[in-house]
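Work through the short exercises below. Try each task before reading its solution.

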Amino acid sequence: MTDPIADYLTRLRNAIMAHHRVVEVPASNLKKEITKILFEKGYILNYKFIEDGPQGTIKVALKYDPETKTNAIKCLKRVSTPGLRKYTGYKDMPRVINGLGIAIISTSKGVMTNKEASELKIGGEVLCYVY
């Protein structure tokens with residue numbers, strides 16, 4: 001697999017389109033950090049790290065509105081790919097839907113949202129947009 005982050009986002013996207021409640025993805029440290037950010041910002045209902053075998057898995061419970069059956073995540077878009085990396089400084093930090101969505105940034109201080117990176121005045125690689 002050349003791009004595990006794109007695979008992670010695609011598995012989430014496919015589970016949302018199929019209206020699944022839970023999706024399992026192979027674990028990595030970067031995927032765990034992205035999952036924690038999605039949970040903190042309210043895009044997923046819950047998550048669980050399962051240590052089985054050398055790699056482990058992540059169980060993600062997706063969040064749906066009980067009345068309209070719509071998901072909290074409208075779009076997951078991969079920005080930086082292995083073939084074309086996208087980096088940004090803190091002055092040119094991307095704004096997703098004029099501040100309503102989040103961009104997940106991989107910085108020297110760890111994985112964080114675009115707002116947190118702007119406050120700390122550090123740039124990094126733009127991994128994905130979520131809204």
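Three exercises follow, on salt bridges and a surface patch.

This is a predicted model: local features need pLDDT of at least 70, side-chain atom pairs count only at pLDDT 80 or more, and totals for chains, interfaces and linings use all residues. Residues are numbered from 1 along each chain as its sequence is written, and side-chain values use heavy atoms, without hydrogens and water.

**Exercise 1.** Find what K59 forms with E24.

Solution. K59 and E24 form a salt bridge, with the closest N and O atoms 3.7 Å apart. (A salt bridge is a side-chain nitrogen of Lys or Arg within 4 Å of a carboxyl oxygen of Asp or Glu.) Next, place the partners. K59 is in strand β3 (residues 57–62) and E24 in strand β1 (residues 22–26), so the pair ties together parts 35 residues apart in sequence. Strands (E, at least two residues) and helices (H or I, at least four) are DSSP runs, numbered from the N terminus.

**Exercise 2.** Decide whether E125, which meets R85 in a salt bridge, is buried or exposed.

Solution. Start with the contact: the N to O distance is 3.0 Å. Then check the cover. E125 has a relative accessible area of 13%, so E125 is buried. R85 is partly exposed, at 40%. (Buried means under 20% relative accessible area, exposed over 50%, partly exposed in between, with a 1.4 Å probe and protein chains only.)

**Exercise 3.** Locate I97, one of the residues in a nonpolar surface patch.

Solution. I97 sits in the loop between β5 (87–88) and β6 (102–107). I97, L100 and Y131 make the patch, of about 310 Å². (Patch residues have over 30% relative accessible area and no salt bridge; like charges are joined within 9 Å, nonpolar side chains (Val, Leu, Ile, Met, Phe, Trp, Tyr) within 5 Å. Accessible areas come from the Shrake-Rupley method with a 1.4 Å probe; for residues, only the protein chains shown count as cover.) I97 is partly exposed, at 42%.
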